[in-house]
Amino acid sequence: MTYKISLLIFNVQCLIILGALLSSFRMYYMCKPNYMKLFILYSIVANIVMVPLFFGTNKIFHIGFANGLNNLSIVFNYTFLVFFILFSMPDRKGITLMIIGYAISTCMIFFLLINKNLKIPIQSAFALNHFGLICYGTVYLIKIFFKIPEKLITEIPSFWVVMGVLICSTLSFPFVSILDFLRQNGIVYNNLLILNLPNIGYSIMYLFFIKAFKCSTRK
Amino acid sequence: MFNKEVNNIILFVIAISILMMQFAIIIAVIIFRHQKKKILFDRGIEDLKTKHENNLLKSQLQVQEQTFQNISREVHDNIGQKLTLAKLHLNTLDISDYNIKKSVNDVVQIITESLTDLRDISRSLSSEIIINNGLIKALENEINQLNKTCQYNIKLTITGEVFFMDGEKELVIFRMIQESLSNIMKHAEATKVDIALFFSENNLIIEVLDNGKGFDVSASKNGNGLNNIRNRAQFLGGLVLFESEKIKVPM
């Protein structure tokens, strides 16, 4: 029963990601500001990673390849979102420090990826990815708090993207960071809510991305 | 015991996740509210500024209008009276010499013309005609005075159903058109002027066209006359557009 509900939540997440891709394609030519056009790349990569995962989770293909792809996508996910957040910040203060922070954290993610079996999800790399995104997202929020933009924040696409990232990362980070510990100690976790927290987080994030796309086409 | 520990961990994780998410959402909500407050505050300041500017403009226009009235009264009552007296004196002179009589008659003629001109100026400066007869009549009167000089061919066209505004507004509109005509006479070297008033529901569009030499619209932004027109339009909550088709630069 737990498995079935988890599968259902995962499939809904896949559907939302596909929806984000379709809406980004539909709104491509109307997107303003232009940086939102580049965001389509994120949806495309998400779908490329999602398709094998979907078939793997639904036991159509072997999940090993899908997990490998998912693990490798962390670097893209992290790089893309960090630079998107940095680019959307209202000022360039402390940008060098943030880029250095990004470089160090990316090296750590690489280190975690190459030292473990790629065929199973490397949760510590995911955790680091989420932690980094929480930090950058919080900095973004603090910056717009002190330098309030003229446009209403709910009409700024990057605000929705950052909020989506923040909600997803804050929901996923605590669970993902202890997953490796639980696994190493042989603890079987079958709590439905906690098991699906990251999936729920991702679903919310992509819904926010769709909102960001809608927002960017509003005149 | 083991299961209890795992459950505690799970509960802790859920609590941390939800707390962190709530924290992010709370920050966003605070920013949103803060921004809304700031926007309202800025809008309030902007409104106050506009109100203050309008009051200032109103006082300026009132002072200007008062000056016009004083000049008008002075021209009519003082200079006019003195010229009339001078004319009377000249007329009562008993002169037998033909040449001197002819010269005196010429002077009387000049004084008569000057009196007519002064009366026209006085009428033009006075707001009485607008208050008593309305904008259209005042404009027709002004145009007739100018057409009398035979230097200009000024035409007034009215489209739409004429509606009446309060005296103050009509006076401001009249002064705008007057200023335009004065600018055309001073600078445009025009012979033909078309004034068109388009009345529509709660809107009035005024178009003043001339066949003069044109002017550089961007260079004349700080001109006194154009600024007066702009300020008056702003006072009425209107908009002014200056357009010029040709610009002849003197070589």
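**Contacts between chains and domains in a predicted model**

Tutor: The contact between chain A and chain B takes 27 residues from chain A and 22 residues from chain B. This is a predicted model, in which local features need pLDDT of at least 70 and side-chain atom pairs count only at pLDDT 80 or more, while totals for chains, interfaces and linings use all residues. Residues are numbered from 1 along each chain as its sequence is written, chains are lettered from A and ligands numbered from 1 in the order in which they are written, and side-chain values use heavy atoms, without hydrogens and water.

Student: What makes a residue count as being in contact?

Tutor: Contact means heavy atoms within 4.5 Å. By that rule, 27 residues of chain A and 22 residues of chain B take part.

Student: What does the area buried between chain A and chain B stand for?

Tutor: Buried area is the accessible area (1.4 Å probe) that two parts lose on being put together, summed over both. Between chain A and chain B this is about 2,200 Å², with 87% given by carbon and sulfur atoms. The side of chain A that touches chain B receives at least two residues from each of helix H5 (123-146), helix H6 (157-184) and helix H7 (192-195) of chain A; helices (H or I, at least four residues) and strands (E, at least two) are DSSP runs, numbered from the N terminus. H6(A) gives the most, with 11 residues.

Student: Which classes make up the side of chain A that touches chain B?

Tutor: That side has 22 nonpolar, three polar and two charged residues. Here Ala, Val, Leu, Ile, Met, Phe, Trp, Tyr, Cys and Pro count as nonpolar, Asp, Glu, Lys and Arg as charged, and the others, Gly among them, as polar.

Student: Why is the pair B:Arg175 and B:Glu65 called a salt bridge?

Tutor: A salt bridge is a side-chain nitrogen of Lys or Arg within 4 Å of a carboxyl oxygen of Asp or Glu. The side chains of B:Arg175 and B:Glu65 meet at 2.6 Å, N to O, and therefore satisfy the definition. Side chains of opposite charge can pair when their charged atoms come close. Between domain 1 (1-126) and domain 2 (134-251) of chain B, whose bounds come from an automatic or database domain assignment, the count is one salt bridge. Between chain A and chain B, the count is zero.

Student: How do you know that B:Lys38 and B:Asp42 form a salt bridge, and how are they placed in helix H1 of chain B?

Tutor: Their side chains meet at 3.6 Å, N to O, and the pair therefore qualifies under the 4 Å limit. Because B:Lys38 and B:Asp42 are four residues apart in helix H1 of chain B, about one helical turn separates them. Over all chains, the rule gives six salt bridges.

Student: How many residues of each domain of chain B are in contact with the other?

Tutor: 15 residues of domain 1 are in contact with 14 residues of domain 2. The area buried between these domains is about 1,200 Å², of which 45% comes from carbon and sulfur atoms.

Student: Why are strands S2 and S3 of chain B called paired?

Tutor: Two strands pair if DSSP finds at least two bridges between them. Strand S2 (residues 192-200) and strand S3 (residues 203-210) of chain B are antiparallel and joined by eight bridges, so the requirement is met. One of the bridge partnerships links B:Phe199 with B:Leu204 in S3(B). S2(B) and S3(B) form a hairpin with two residues between them, and B:Asn202 in the turn has a positive phi of about 60°.
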